[in-house]
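Here is a short note for a first look at this structure. Please keep the 3D view open while reading the points.

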Amino acid sequence: MCSEPEAGWQRPEAVSRLVAEALADPETTWTMGGFGALARFGRRRDPFFAAPADGRPGHVTAFGGIALEPAAAIPVAYETAFTGGWSHAVALCLPGARCPRAGAGPIRDVGRDHGALRAQNRGDKWFDLGLDLPQGRLLLRSADPDTLAHLAVLAGRTVADTIEAVRGLMAAADVVVTTPLGRIEVFAGAPASSDGPRAFLDPKILGLGRTHAATAPIPSGLVPVAQFTPPHPCRDGAGRFRPFDPGAHASFQAVLSRWGDPELVRLKARLLAGDTVAPLAANRATRAVSRLVQVQIAAAANQDSAKSSTDTPR
């Protein structure tokens with residue numbers, strides 16, 4: 001999934017460099033998990049952060065944290081156009097064979113967390129919610145006796161049968177998403193900020209059995225395990241409109257050129273140069289790129305009314 005395969009794009013050091021640069025940007029947000037159950041991390045509002053306790057690449061703030069071991073990931077950069085705007089993201093994927101579905105199961109006590117991002121949470125008890133996620137696991141962790149007692153009561157039952165109780169405990173306990181590429185933790189009491197750490201769980205969406213949203217052009221055979229969203233040219237980190245930022249746009253276009261679908265990257269370049277898509281050659285992908293080019297040209301030309309939207313493409 002790279003327009004320059006001869007450039008060594010699959011080398012672990014290239015992937016690690018891509019992720020390191022994204023981690024260094026406080027405006028970039030991250031998600032891990034699956035379609036319908038995930039955790040999100042951002043540090044835009046929290047200038048005070050530290051590294052994970054064991055020195056893994058990542059950040060820990062007062063409200064959550066992220067740790068990544070990305071060398072094995074396959075990055076897929078993409079853009080998605082919709083009415084009035086577009087979104088962009090980079091999915092960090094693994095082959096499907098490395099992400100088998102365990103199937104849905106009951107909530108269960110799985111011992112103690114020895115890989116917590118903060119030293120103070122090492123050894124805290126945690127419960128697996130038993131979700132059918134090929135990307136990893138969603139767990140609730142706590143050292144509070146009352147919270148653990150409530151979790152113990154739910155053990156043996158399913159999230160589908162106890163969703164309201166589970167959602168209540170997601171506010172009282174730490175939410176931890178673990179994957180083969182790392183983890184995101186949302187600490188108990190984290191505010192429900194649009195650009196800070198938070199968790200999302202919707203059994204109805206989970207029930208669709210998808211690994212990602214249909215709008216995300218993830219190649220067949222790959223599973224998006226983690227994702228990061230760099231700064232958008234038309235919205236700030238809180239999702240508010242802002243004048244078109246040509247620097248942010250150019251930055252993501254460079255990432256897209258390196259890590260995007262080669263055919264779509266070349267098509268977009270041709271359309272930007274003035275080419276058109278012949279009616280007989282038009283398909284869903286070419287129409288999507290055509291819409292994307294039109295929306296971005298309009299945004300750049302009319303900065304005060306440019307619109308985009310942060311969506312949830314996973």
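1. This is a predicted model. Start with the open sheet of 6 strands. Its order is 5-6-13-1-2-12, and the pairing is antiparallel. As background, strands of a sheet pair through backbone hydrogen bonds, either parallel or antiparallel.

2. Look next at the edges. Strand 5 and strand 12 (198-201) stand there, each with a single partner strand, so one side of each has no neighbour in the sheet. From one strand to the next, the twist averages 25°.

3. Follow strand 5 to its partner. Strand 5 runs antiparallel to strand 6 (residues 85-95), and 9 bridges join the two. Within this pairing, alanine 81 stands opposite tryptophan 86 of strand 6.

4. Now the helix that crosses the strands. Helix 1 (residues 12-23) lies across strand 1 (29-34), strand 5, strand 6 and strand 13 (222-229). Helix 1 runs at about 120° to strand 1.

5. Turn to the second largest pocket. About 580 Å³ of space lies in it. The lining has 24 residues. Glu79, Thr215, Pro217, Leu264 and Ala288 are the ones nearest the pocket's centre. Which elements give two or more residues to this lining? They are strand 5 (74-82), helix 6 (262-272) and helix 7 (284-301).

6. A last point concerns the make-up of that lining. How many of the residues are nonpolar, polar and charged? The lining of the second largest pocket divides into 16 nonpolar, 3 polar and 5 charged residues.

7. One element links these points. Strand 5 stands at an edge of the sheet, and strand 5 also gives two or more residues to the pocket lining.

Terms used. Residues are numbered from 1 along each chain as its sequence is written. This is a predicted model: local features need pLDDT of at least 70, side-chain atom pairs count only at pLDDT 80 or more; totals for chains, interfaces and linings use all residues. Side-chain values use heavy atoms; hydrogens and water are left out. On a 1 Å grid over the protein atoms alone, a cavity is a set of points where a 1.4 Å probe fits but cannot get out, and a pocket is an open set with protein on both sides within 12 Å along at least five of seven lines; lining residues have an atom within 4 Å of a point. Grid points are joined across faces, edges and corners, and a volume is the space filled by probe spheres set on the points. Helices (H or I, at least four residues) and strands (E, at least two) are DSSP runs, numbered from the N terminus. Ala, Val, Leu, Ile, Met, Phe, Trp, Tyr, Cys and Pro count as nonpolar, Asp, Glu, Lys and Arg as charged, and the others, Gly among them, as polar. Two strands pair if DSSP finds at least two bridges between them. Axes are lines fitted to C-alpha atoms, for helices over the stretch in contact, and angles run from 0 to 180 degrees between N-to-C directions. Contact means heavy atoms within 4.5 Å.
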